[in-house]
Amino acid sequence: MTNRRQAKLGRRGITLAAVLLVVFLVAGCQATTYQYRWSYFFDSIFRPDGLIIQGVLLTLSISIVSQTIGVILGVFGALGKMAKSSPLRAIAGFYVWIFRGTPLLVQISFIFYGLGVTGIYTWPDFQPLGQFGKGAVQAGIVALGVNEGAYMSEIVRAGILSIEPGQMEAAKSLGMTFGQAMRRIILPQAARVIVPPLGNEFNNMLKTTSLLVVISVPELYVAFSYKNATAFAPFELFLAAAVWYLALTTAWGLIQRQIERRLGAGFGGSSGPSLRERLFGFRATKPDELPQVSGGR
Amino acid sequence: MSEPTESLLAAIGGAPAPSADTVVEATDVHKYFGRLHVLKGLSMKVQRQETVVVIGASGSGKTTFIRCVNHLEKIQGGRIFVNGHLIGYRDANGRLVEDRERNIARQRQEIGMVFQRFNLFPHMTALENIIEAPTHVRGTPRKEAVATAFALLERVGLEAKADAYPGQLSGGQQQRVAIARALAMKPALMLFDEPTSALDPEMIGEVLDVMKELAHEGMTMIVVTHEMGFAREVADRVVMVDDGQIIEEGTPEHFFENPTHERTKAFLSKIL
């Protein structure tokens with residue numbers, strides 16, 4: 001019961017905050033001499049031009065591809081870190097150490113400009129994909145993906161470690177190899193633990209793509225800064241950019257909730273935080289806080 | 001043979017025929033956990049269709065031993081043969097060299113194991129748990145695996161629970177599914193590691209009943225348990241393990257009427 005009351009209070013709080021924000025904005029608008037051109041704001045949202053649409057699509061596609069690379073590298077990174085062989089552990093450890101220990105901005109610049117100028121890899125355009133196949137886009141995807149992989153390694157590792165060892169033993173006793181047991185038994189269960197933080201990572205990724213401004217990838221943020229360079233309406237335009245990002249992350253929050261529902265099969269009840277928790281204050285779920293799933297009752 | 005679902009073993013196509021009369025032959029097995037010497041030259045033979053019950057105090061090494069039989073634990077000395085195959089190792093001029101993963105996995109297909117904590121796969125239904133290894137390890141066609149699984153579920157009295165997830169089953173039901181899961185691989189040998197120790201008392205009977213049926217039908221079994229009633233009724237032979245060695249073995253009658261070893265007497269007086 002108290003939960004429902006708290007939810008009600010929370011809902012009122014959010015509504016109140018939103019109303020106050022609008023009031024302050026309107027009041028602030030009136031208080032200064034700045035000439036507001038709200039058409040820039042509304043047009044960017046309701047009648048986006050090619051630049052903005054391309055920016056949205058680039059942000060989305062770069063995020064999806066980079067996150068996918070990140071998850072794949074994360075699985076290998078996690079398995080590497082837990083491997084019996086010490087060279088494998090060393091390689092995985094080195095990878096995570098480097099990419100978590102240096103700024104993403106430095107990694108992006110190094111991978112695109114550093115490798116390009118020296119001729120180690122010059123990032124040629126992939127013509128058939130047009131703007132989406134530009135060398136800078138490829139470099140951005142690689143940089144974001146490899147960086148994300150380092151973080152995902154830790155998340156995947158925690159997920160795998162949260163599965164009790166009896167599961168691996170049961171799989172082995174049935175004649176499965178380590179690889180089969182991982183694919184069929186361990187990772188599907190770990191996925192349930194991994195998905196909430198993975199969703200958080202993807203939410204971050206949608207916003208972090210804006211760092212690709214340093215290598216001039218015309219994603220969402222760059223699209224708006226181009227517009228601002230000619231129109232000089234930073235208040236209206238960057239407010240519109242924020243709305244676009246918010247739309248992307250909100251849509252993702254809804255999708256993620258569906259994914260978590262489906263992964264909850266066999267574990268009873270709804271799993272993971274509610275939509276509201278997801279949107280207005282993400283509660284990271286530590287693996288050791290999850291309910292024990294096996295054993296007698 | 002009668003109806004295919006008349007017995008547990010009929011459900012998996014009859015009692016598997018081991019290639020030798022001696023299913024398990026363990027000689028002088030040594031096992032260390034770090035510096036702790038857990039198995040100190042343990043030797044044991046199990047004949048085809050025999051049910052051997054292993055008893056002993058906790059920490060005596062009885063569970064460790066059966067985990068060595070399917071190579072869930074490495075051994076540091078001795079040899080374990082199942083159906084004439086050296087388990088887990090290759091013999092390189094008298095030295096043990098761990099075998100390739102693929103070979104170990106293949107050997108384990110012949111050895112079913114039932115765990116104390118069931119270890120069912122929680123993300124799969126009872127049916128999926130049972131057909132998982134036949135379809136993905138043995139390559140049995142799904143239809144055939146499902147038919148076998150239903151026959152097994154019927155025999156353990158759980159055909160209505162085929163689509164239930166382990167989390168929706170009681171401990172006793174989970175353990176019966178776990179037994180069916182192990183049997184679905186048509187093993188030549190079944191290992192039971194304290195299969196009723198994690199169960200509420202009222203559920204122990206239903207699991208023991210399945211195990212009794214299996215023993216009577218001629219499955220070769222090694223059972224680690226504290227259930228002396230089961231040992232008395234079902235065991236062909238009882239083995240007492242103490243401090244990593246077998247200190248006494250014999251028929252259930254021998255054990256429960258006149259045990260000879262002091263440690264056996266002390267142990268049985270505490271447990272009976």
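Reader: Looking at B:Glu73 and B:Arg67, are they buried or exposed?

Author: Both are buried in this predicted model. The label is given below 20% relative accessible area, so B:Glu73 and B:Arg67 each fall under that cut-off.

Reader: What makes the meeting of B:Glu73 and B:Arg67 a salt bridge?

Author: Their side chains come together at 3.0 Å, N to O. The rule asks for a side-chain nitrogen of Lys or Arg within 4 Å of a carboxyl oxygen of Asp or Glu, so this pair qualifies. B:Arg67 has a second partner, across the chain boundary: A:Glu169, at 2.6 Å from N to O.

Reader: Why speak of a network here, and which residues are linked in it?

Author: A:Glu169, B:Lys31, B:Arg67 and B:Glu73 are linked through salt bridges. You have just met B:Arg67 paired with B:Glu73 and with A:Glu169.

Reader: How do you know that helix H2 of chain B is mostly covered?

Author: Count its residues: H2 spans 62–69, and 7 of its 8 residues are buried. These are B:Lys62, B:Thr64, B:Phe65, B:Ile66, B:Arg67, B:Cys68 and B:Val69. Just after the helix, B:His71 has a positive phi of about 60 degrees.

Reader: What makes B:Glu110 and B:Arg138 a salt bridge?

Author: Their N to O distance is 4.0 Å. The cut-off is 4 Å, so the pair is counted, at the limit as the value is written. B:Glu110 sits in the loop between H3 and S8 of chain B and B:Arg138 in helix H4, so this salt bridge ties together parts 28 residues apart in sequence.

Reader: Why are B:Glu110 and B:Arg138 called partly exposed?

Author: The class covers values between 20% and 50% relative accessible area. B:Glu110 has 30% and B:Arg138 has 35%, so both belong in it.

Reader: And what ties B:Arg237 to B:Glu249?

Author: Another salt bridge, at 2.5 Å from N to O. B:Arg237 is in strand S11 (residues 237–242) and B:Glu249 in strand S12 (residues 245–250) of chain B, so the pair joins parts 12 residues apart in sequence.

Reader: At what relative accessibility does B:Arg237 count as buried, and at what value is B:Glu249 partly exposed?

Author: B:Arg237 is at 15%, and a residue under 20% is buried. B:Glu249 is at 40%, which lies between 20% and 50%, so it is partly exposed. Over all chains, the rule counts 23 salt bridges.

Reader: How do you know that B:Thr148 is buried?

Author: Its relative accessible area is 15%, and the cut-off is 20%, so it is buried. B:Thr148 lies in helix H5 (residues 142–155) of chain B. Beyond its neighbours within four places in sequence, B:Thr148 is in contact with B:Ala11, B:Ile12 and B:Lys186.

Reader: Which residues touch the most other members of the largest nonpolar core?

Author: B:Ile179, B:Met190 and B:Leu214 do, in a core of 56 residues. Helix H7 (residues 201–216) of chain B contributes the most to this core, with 8 residues. Apart from it there is another core, of 54 residues, including A:Ile155, A:Ile160, B:Leu42 and B:Phe121. In soluble globular proteins, nonpolar side chains tend to be buried together.

Reader: How many residues of chain B are in contact with chain A?

Author: There are 34 residues of chain B, meeting 27 of chain A. Together the two chains bury about 2500 Å², with 56% of it on carbon and sulfur atoms. On the chain B side, B:Phe121, B:Pro122 and B:His123 lose the most area to chain A, together 21% of what that side buries.

Reader: What polar contacts and salt bridges does the rule find across the interface?

Author: It finds 8 residue pairs in polar contact, both residues at pLDDT 80 or more, and 2 salt bridges. Helices H3 (101–108), H4 (126–138) and H6 (171–183) and strand S8 (111–114) of chain B each supply at least two residues to the side that touches chain A. By class, that side of chain B has 16 nonpolar, 10 polar and 8 charged residues.

Reader: How many helices and strands does chain A have?

Author: Chain A has 11 helices and 0 strands. Of its 297 residues, 39% are buried.

Notes: Residues numbered from 1 in each chain as written. Chains lettered and ligands numbered in written order. Predicted model: local features only at pLDDT ≥ 70, side-chain atom pairs only at ≥ 80, totals over all residues. Heavy atoms only, no water. Core = buried A, V, L, I, M, F, W, Y, C linked by side-chain atoms within 4.5 Å. Buried < 20%, exposed > 50% of the residue type's maximum accessible area, 1.4 Å probe, protein only. Helix = DSSP H or I, 4+ residues; strand = E, 2+ residues; numbered from the N terminus. Contact = heavy atoms within 4.5 Å. Buried area = accessible area lost by both parts, 1.4 Å probe. Polar contact = N/O pair within 3.5 Å; in protein donor to acceptor, adjacent residues only side chain to side chain. Nonpolar A, V, L, I, M, F, W, Y, C, P; charged D, E, K, R; others polar.
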